[in-house]
Amino acid sequence: MTNADGGDKDVDNVIRIMVSTDNHLGYLGNDRIRGEDSFVAFEEMLQLAVSEDVDMILLGGDLFHHAVPGQYALHKCLELLRRYTFGDKPVSLEILSDQSRCFHNAVNESVNYEDPNLNISLPVFSIHGNHDDPSGAGRLSTLDLLSTAGLVNYFGRWTDLTKLEISPVLLRKGETHLALYGLSHITDLRLIHLFEEFKVTMQCHTENSTDQSAEDEESNWFHLMVVHQNRANRGHKQYLPEELLPAFLNLIIWGHEHDCRIEPELNVKRDFYVSQPGSSVPTSLSEGESIKKHVGLLEIYKNKFQLKPLPLKTVRPFIFESINLSDMAAELGLDEGDAKSKVEKFARMKIEEMIERSKDRLTGHPKQPEIPLIRLRLLYPNESYMFNTIRFGQEYNSRVANPADIVHFKKLIQKSKAETINLDKEAMKKALEMENTTRVEELVDRYFDEAQGQKPLKLLHSKALAEITFRLVERHDPNAADNIVKFYREKAVDHLIDALPDEENVDNELENFRQQHKHEDLLKMLDARGVKKETIVPKNETNKTTASVANTSIGTAASASARGRGRATRGRTAAAVKQQLDVSIETSATRSSGRQQTLLNAVGRNSRSKVASYVISDDSD
C-alpha cells in the first residue's frame, strides 16, 4: 500500500474518509433477536466517523436491505443521519466539478453542505447497490429520497443503459485533489455488454476542472472509485473483472461482496489497489460472513493514501465451522450401529464448543449483542447420517440467535477423476524420428498429428499448443498459455451459448466449434485484441482529457455482445455452460505456472503489497 508520509503532510492537506459498504439497514427487521443488528452497526460507523474527525463518509451501496424499506427502517436511518451528520462544524471540502451533473436529483442540484437551508457538518456520499437500486414509478431509489431530504449526496447513478458515461466528483482540500468516481450497481451481464461494445467512458478530471493549477499538477490528483458489482468469478459475464477498469485509478472501494478483505490488494496488471470492506452485518450464514467486520479510515495526501481498518465492536459474534463427516467416520464409528444418533451427539458437542468460542468475540461494547450466531455445516456422504435439524435447534432457543438453522447438512459430492489420456508413445516415437524437426513447437504439432486417433484434445487445436510452446520458448512470454487458453474458452462459451446443446451433446458441439474456427483465425483475433490493449491511456499522461474504459475490454467488441444479448433467459445459463466447458479444458493439458510467478515478482516494488486474488465467494448479496 502506498502510504502518505506523516512528515510531509498536515491535517489541512489530508482528506480523511470513513469507508463502509453493504450496511443492509432493515435486514431481519421483524426478528425479535436480530432485528436491530444492522442499525447498531451503522450507528457505530457514524460514531467512529465523528470521533475520527473525518471530512466525509463514503458508502459503497446496499445502504438498505430492501429497495422499498419499511417505515421503521427508513425512520431509523433518517434519525441516525440527522443525529451524526448535522452540526455547525464547517466542511473543509471544496467542490470543483459541475454539481448539476454529479447530483442531478438533489435540491438545487448541489452537494448538501452548500445548501444554505441545511447545516451539514459531516457529508455522506453514496452510490446505490442491487438491494436499493431504482425501481417503481419514476425509477427512484431510496437514496433519491435521502438526497432530496439533504441527508446523502447520491452520485454515480446511471440514467441511460445504452451507454455509460462516468464523470467524477472533483474535491479539493488544501494541496490534495480528489477525483471521486461512482458506479452504482448494474446487472453484470448488461455491464459487460456495454464494455464489449465500447460504450463505457470515464471522463478524466481535467475535462470538467475549473482549477487550471490542478490540471498542471497531475501528481496531486488522487483517483478514487467506488463500485457495487460481483468481484469473484461466478461464471461467464457474471462478474466485473478488475482489468476492465482503467489504469489511471489509484484505489477502488469494492461493494457487494460481503466477506471482509479491507486491506488494499494490488492488481499488478492495472497498477491500482482494491479494498473490499465487506458488509457491516451478516445477511447469510456463510463462512465469508463470519470474518470479523470492519470499516476503513482512508487518508489521502496528494496521490498517496493509507487505509486503516477499524473493527466494528457492536457486531453480533458469529462462529462458522465446516466438517466433513467422511473424515470422522472411523473416529465416530459411523460405519456400524446408529450413525444418525452418533452424528447428532457429535453435533451437540461441537455446538457447545462453538458457543464457548463465541465468547472470545465479545468486545465489551455495551451495545454488542451477546447471543451468538452459530452455523455448523456438516458434509455428509449418505442420508443415514442426517437428523432433524429443526428439533435439534429448539434445544438452543435461548442460547443462539439462529436456532432454526444452526446445523446445515450439505451433500458431499463425490467427484470422479477426469478421464486420463496417456501419452501415445508410438506417436511420440514417430514425431522424434521425423527429419528437419529443429524446434520444440514442431515436435508438439507433429505429436498431436500422429495421435489423432486418441483424440487427446477436446477444445484446443494442436497448433494452439505448438503456438504456446513457441511463445514460451522463443518469445519468453510467460502469459502465452494463459492468454491463448482463456481466449479459446471465451470463444467456445460464446459458441455454446449460441447453440445451447443438451449436456450429452456438449462434446459434439465443441468438435463443431473446432471445425468452424480455424486456429489461425482465432490467433489473429487474439493478437488484434492485444493491439487494442496497448492503446490504454497511461496513468500519468496529462495531455488527454478523456480515457475510454472500453480500451480495457477483455472481450471482442460488438460481435461477442451481439451474440450474447438476451440469452440469459434461454435454457441453460452461461455459468452452466462454462462449468461443463471447464471439464473439457482440463483434458487439454495446457497449464502454465509461469504467469503466477511473474505476477508475484511484479509486486517487488513494495514488499508489503498484496496481489489481488480471484477466489469464488458465496458471500455477496
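# A walk through the model

Start by selecting strands β1 and β2 (residues 56–59): the two pair in the parallel sense, over four bridges. Before you go further, keep in mind that this is a predicted model. Zoom in on valine 19 and you will find its bridge partner in β2, leucine 58. Now show the stretch linking the two strands: the chain leaves β1, passes through helix α1 (residues 37–51) and arrives at β2, a β-α-β crossover that is right-handed.

Stay on β1 and look at its other partner. Strand β14 (residues 294–301) pairs with β1 in the antiparallel sense, over five bridges. Isoleucine 15 is a handy place to check this, as its bridge partner in β14 is isoleucine 300.

How many of the six residues of strand β1 are buried? Six of the six in residues 15–20 are, so the strand is largely enclosed by the rest of the structure. Colour the two faces separately if you like: Ile15, Ile17 and Val19 are buried on one side, and Arg16, Met18 and Ser20 are buried on the other.

**Next stop: helix α2**

Select residues 71–85. With 15 residues at 1.5 Å each, helix α2 should span 21 Å, and its end C-alpha atoms are 21 Å apart, which agrees. Then pick out the buried residues of α2: Ala73, Lys76, Cys77, Leu80, Leu81, Tyr84 and Thr85. Turn the view to look down the axis of α2, and these buried residues fall within an arc of 125 degrees, so they line one face of the helix. The spacing fits a simple rule: an α-helix has 3.6 residues a turn, so residues three or four places apart point the same way. Flip to the face turned away from the buried side and you meet the exposed residues Gln71 and Arg82. What covers the buried residues of α2? Among the elements that do are α1, β4 and α4.

**Two histidines in loops**

Go to histidine 131, in the loop between β4 (124–126) and α4 (142–148). Buried or exposed? At 13% relative accessibility, histidine 131 counts as buried, as the cut-off for buried is under 20%. Add histidine 65 to the selection: the C-alpha atoms of the two histidines are separated by 5.6 Å, although their positions lie 66 residues apart along the chain.

Then hop to histidine 185, in the loop between β8 (176–183) and α5 (188–196). Histidine 185 is buried too, with a relative accessible area of 11%. Leave out its neighbours within four places in sequence, and the contacts of histidine 185 are His128, Gly129, Asn130, Trp158, His228 and Gln229. For a distance check, draw a line from its C-alpha to that of asparagine 230, 45 residues apart along the chain: the separation is 9.4 Å.

**The seven-stranded sheet**

Switch to cartoon view for the open sheet of seven strands, with mixed pairing and the order β3-β7-β8-β10-β11-β13-β12. At the edges stand β3 (94–95) and β12 (261–267), each with a single partner strand, so one side of each is left without a neighbour in the sheet. Inside that order, select strands β10 (residues 221–228) and β11 (residues 251–255), which run parallel and are joined by five bridges. Valine 227 is a good residue to click on here, as it stands opposite tryptophan 254 in β11.

**Rings, and the strands beside them**

Show the aromatic side chains: the whole structure holds nine aromatic pairs. Take phenylalanine 125 and phenylalanine 155, whose ring centres are 6.3 Å apart with planes at 75 degrees, so the pair is edge-to-face. Phenylalanine 125 sits in strand β4 and phenylalanine 155 in the loop between β5 (153–154) and β6 (164–166), 30 residues apart. Both of these phenylalanines are buried.

Another edge-to-face pair is phenylalanine 387 with phenylalanine 409, at 5.1 Å centre to centre and 80 degrees between the planes. Phenylalanine 387 lies in the loop between β17 (373–380) and α10 (389–393), and phenylalanine 409 in strand β18 (residues 407–411), so the pair ties together parts 22 residues apart in sequence. Widen the selection and ring pairs link Tyr380, Phe387, Phe392, Tyr396 and Phe409 into a cluster.

Finish on β17, where seven of eight residues are buried. On one hand β17 runs parallel to strand β16 (residues 318–324), over seven bridges, with isoleucine 319 opposite isoleucine 374. On the other, five bridges join β17 to β18, again parallel, and there leucine 379 stands opposite lysine 410.

Methods:
Residues numbered from 1 in each chain as written. Predicted model: local features only at pLDDT ≥ 70, side-chain atom pairs only at ≥ 80, totals over all residues. Heavy atoms only, no water. Buried < 20%, exposed > 50% of the residue type's maximum accessible area, 1.4 Å probe, protein only. Pairing = 2+ DSSP bridges. Right-handed = clockwise from strand over helix to strand, strands pointing away. Expected span 1.5 Å × (residues − 1). Arc of directions from axis to C-beta. Contact = heavy atoms within 4.5 Å. Phe/Tyr/Trp six-rings, centres within 6.5 Å; stacked < 30°, edge-to-face > 60°.
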